[in-house]
Amino acid sequence: MEQQSEFVTRVMGWLRQGSEIAEGWLLSPAAWSQFALLALAVFGAVYASRRIAPLALRMLDPGDKDTIIATALRFALRFLPLLMPLLAYGFTAAGEEVTRSLFGSGDVIAFGKRVFFFLAARLFVQQVLRDPFLKLLGKYVLVPVAALYAVGLLDDISLRLEETIIALGNIRFSVMALIRGLIAGGLLFWLGSWSNRQSADYIKKQEELRPATRELAVKATEVAIFGASFLLLMSIMGIDLTAVALLGGALGVGIGLGLQQIAANFVSGIILLIEGQTTVGDYVELDGGEKGTIVKMTARACVLETFDGKWIVVPNEHFVTTRVVNYSDQGSANRYEALFSVGYDTDINLVPEVIERAVQALPFVLTQPDGPDCELRGFGESSVDFAVEYWVNGIDDGKNKYGSVVLFAIWNALKAAGIEMPYPHRVVEIKGALPKGNI
């Protein structure tokens, strides 16, 4: 209650002071001359802005160009709505110097100058800012601050907020420091997010770099930007960085004890990005049997996409500490084989030529580094077993992309050559005489 009554008393004092100032202005000839100068400044600002704005629009309009200079010019054109209040602010600032030198007073014109600054702040928030976060910050921070500055209460309220102390145990800070930290933190981390997006887009467009190098550069830039933002925020809020160092040491101990797997995956991700032995686009097979194409690499894990569209999230540590079969990136040559059998009554000397010619006729089978090679693998119980090896350009994911077409070609070639594929034969031997009733 005492704080509320004190606040009400302070507000009533501000209102009384404002009414006394307004009454003094109305009865002072010097104040009326300043009002005249204000009106002249407004007229001059309106006239000058109407003459300058079309000229600036013609000179700065980049048209349909898509260059860095064109982007900068479009950004500059967004500030045209501020031309009139800024010109009025400049004219009143010059008029204030004149009135103070002639009359020794310039309170009225100084008030007008602050009002023009308030109008410029409102237009800046309404017509220049487009980002939702910046627009919100301008609406609830910049415009109220400009309004308080216009009516001359900004210094008093700032002092009041500085004197209001919040205590949390041994930590004491003023309300003003808290507000300043929140505003600075919001701006810094918005700027960090924006600069991180811009740098990431720029780095990803550098196609001459390996995908792993681009990912590493993006992650390193992100860590650097947000690390610098955090340290700068600590400095703005007046927090001793020695405490931050102690906190970092405590976090290091916590990571070493309780977050070992997360730390191991993070370090493994950095190793993968630096070495580049496994990168986005590679088709890999892990020790646990997981197969798929790497579609995404993060600081903690890699994402594999299987041939049937499923996504498998594999921790980075598995790629460093276990055996990984890398079929290399898509577009490289890989060798596969198809197994088949023929009957024992077949002239097996004819089989390799028939099969190699049929497989070589397929459009996706390569001649380099080697053409199709049909090999005799063994003599089974009911068949002679063969295998044909062939090279293709790409990955046979799931043994379906090329294998099925090759087996069709083998079947058709054997049928055309009159060679039959055997089926199992079984000989049943009955020992002893059968009962007469079953004969």
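1. A salt bridge is counted here where a side-chain nitrogen of Lys or Arg lies within 4 Å of a carboxyl oxygen of Asp or Glu. The model is a predicted one, and R377 meets that definition with E375, the closest N and O atoms of the two being 3.4 Å apart. As for exposure, R377 is partly exposed, with a relative accessible area of 40%, and E375, at 26% relative accessibility, also counts as partly exposed.

2. R377 takes part in a further salt bridge, in which its side chain meets that of E389 at 3.3 Å, N to O. Because E389 lies in strand β10 (residues 384-393) and R377 in strand β9 (residues 373-379), this pair ties together parts that are 12 residues apart in sequence. E389 counts as buried, since its relative accessibility is 14% and the cut-off for buried is under 20%.

3. These pairs belong to a wider arrangement, for R335, E337, E375, R377 and E389 are linked in a network of salt bridges. A search of the whole structure finds 5 salt bridges.

4. The pair E353 and R357 also deserves a point of its own: their side chains meet in a salt bridge at 3.5 Å, N to O. Both residues lie in helix α13 (residues 351-360), where they are 4 residues apart, about one turn of the helix. E353 is exposed, with a relative accessible area of 55%, and R357 is likewise exposed, at 51%, each value being over the 50% that the term requires.

5. As general background to these pairs, side chains of opposite charge can pair when their charged atoms come close.

Technical notes
Residues are numbered from 1 along each chain as its sequence is written. This is a predicted model: local features need pLDDT of at least 70, side-chain atom pairs count only at pLDDT 80 or more; totals for chains, interfaces and linings use all residues. Side-chain values use heavy atoms; hydrogens and water are left out. Helices (H or I, at least four residues) and strands (E, at least two) are DSSP runs, numbered from the N terminus. Buried means under 20% relative accessible area, exposed over 50%, partly exposed in between (1.4 Å probe, protein chains only).
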